[in-house]
Amino acid sequence: MTAHTETGTAAPAGEPQGRFWTPGEQVLWRYRGNGTEAVHIARPVTVVRDDADVLAVWMAPNTPVVRPVLADGTPVHREPLATRYVKPRTTRVEKWWGAGVLKLARPGEPWSVWLFWEPDWRFRSWYVNLEEPLCRWSGGVDSEDHFLDIAVHQDRSWRWLDEDEFAQAQADGLMTAALAARVRKAGRRAVGVIRAWGPPFSDGWQDWRPDPRWPVPALPADWDRPADVPGAAAGGRGGDRAGERTGGLAGDRSGERFAVRPARRSA
């Protein structure tokens, strides 16, 4: 199965490599650095649902995750925006804390929708993460974050998030004008879904709860291994538009600022 992007070219639509995952299986949800093939965000998650309509996964509290940091260890969000995307980077393993995150992705869509709760399971909000359509491989899914996001509240109101970071990424050469225009167009399409209160907002996921028997997934030692996608380069890029991007350091995006705390890296 393929999906057509705004440019009309075919790109992998998140179809399974041979089968759908079953509830309770553990996979990786990863992001490449912008303009690179290197994975800089990796999150072990538990599959909640996987079929032709949606991939739903749960990232539990205390899950060990990989996130980008500056070379000197400074958290990316603490670096001034003017230099945030041009300083050298490395990665660090930390633990996700808080009430966990439910992530939903429909095949071929250039965004995923995340649900957040308070620790007592009071529902807080939805978060639309604009990104490349997920590219599936045997160990999970890969994408590339597009900086711009949307907050959606319980009263169905919404607002753009991180427009300053979206602009800075363009100024620093991480996004071309053409790619930025496509991302903004995708955002407007997502807003249309919000206004119509279509799936997944209308599906009642805010009442979902994880199976208490599920263990917290471990982070594989080879979390950054190349994705085994036929015809894809290392990192599993699908629908690559490399000619429309320039190389550069990626931003600390994809919700990393919400809830992480340091943990020692294990071999």
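Q: What is the relative accessible area of Asp-222, a residue that is partly exposed?
A: This is a predicted model, in which local features need a pLDDT (the predictor's confidence in each residue, from 0 to 100) of at least 70, side-chain atom pairs count only at pLDDT 80 or more, and totals for chains, interfaces and linings use all residues. Residues are numbered from 1 along each chain as its sequence is written, and side-chain values use heavy atoms, with hydrogens and water left out. Buried means under 20% relative accessible area, exposed means over 50%, and partly exposed lies in between, for a 1.4 Å probe and protein chains only. Asp-222 therefore counts as partly exposed, since its relative accessible area is 37%.

Q: Which residue meets Asp-222 in a salt bridge?
A: A salt bridge is a side-chain nitrogen of Lys or Arg within 4 Å of a carboxyl oxygen of Asp or Glu. The partner of Asp-222 satisfies this with an N to O distance of 3.1 Å, and this partner is itself partly exposed at 26% relative accessible area. The residue is Arg-225.

Q: Which residues do salt bridges that share partners join into one network?
A: Within this network, the side chains of Asp-51 and Arg-49 meet at 2.7 Å, N to O. Asp-51 counts as partly exposed because its relative accessibility is 23%, and Arg-49 falls into that class at 31%. With a further member, the network joins Arg-49, Asp-51 and Asp-53.

Q: How many residues apart are Arg-67 and Glu-94, whose pair links distant parts of the chain?
A: The side chains of Arg-67 and Glu-94 form a salt bridge at 3.4 Å, N to O. Arg-67 belongs to strand 6 (residues 64-70) and Glu-94 to strand 7 (residues 89-96), where strands (E, at least two residues) and helices (H or I, at least four) are DSSP runs numbered from the N terminus. Arg-67 is buried because its relative accessibility is 3%, and Glu-94 is buried at 2%. In sequence, the two residues are separated by 27 residues.

Q: How are the rings of Tyr-85 and Phe-147 arranged?
A: Rings of Phe, Tyr and Trp (its six-membered ring) pair if their centres lie within 6.5 Å, and planes under 30 degrees apart count as stacked, over 60 as edge-to-face and the rest as tilted. Tyr-85 lies in the loop between helix 1 (81-84) and strand 7, while Phe-147 lies in strand 12 (residues 140-152), so the pair ties together parts 62 residues apart in sequence. With centres 5.4 Å apart and planes at 70°, the pair is therefore edge-to-face.

Q: Which residue lies over the face of Trp-114?
A: Trp-114 and Tyr-127 are both buried. A charge sits over a ring if NZ of Lys or CZ of Arg is within 6 Å of the ring centre and within 35 degrees of the ring normal. At 4.1 Å from the ring centre of Trp-114, the residue over its face is Lys-103.

Q: What is the mean pLDDT of the chain?
A: Where pLDDT is low, the predicted coordinates should not be read in detail. Residues 1-14 stay under 50, although the model has 33 contacts (heavy atoms within 4.5 Å) for them beyond four places in sequence. Across the chain, 79% of the residues reach 70 or more, and the mean pLDDT is 84.
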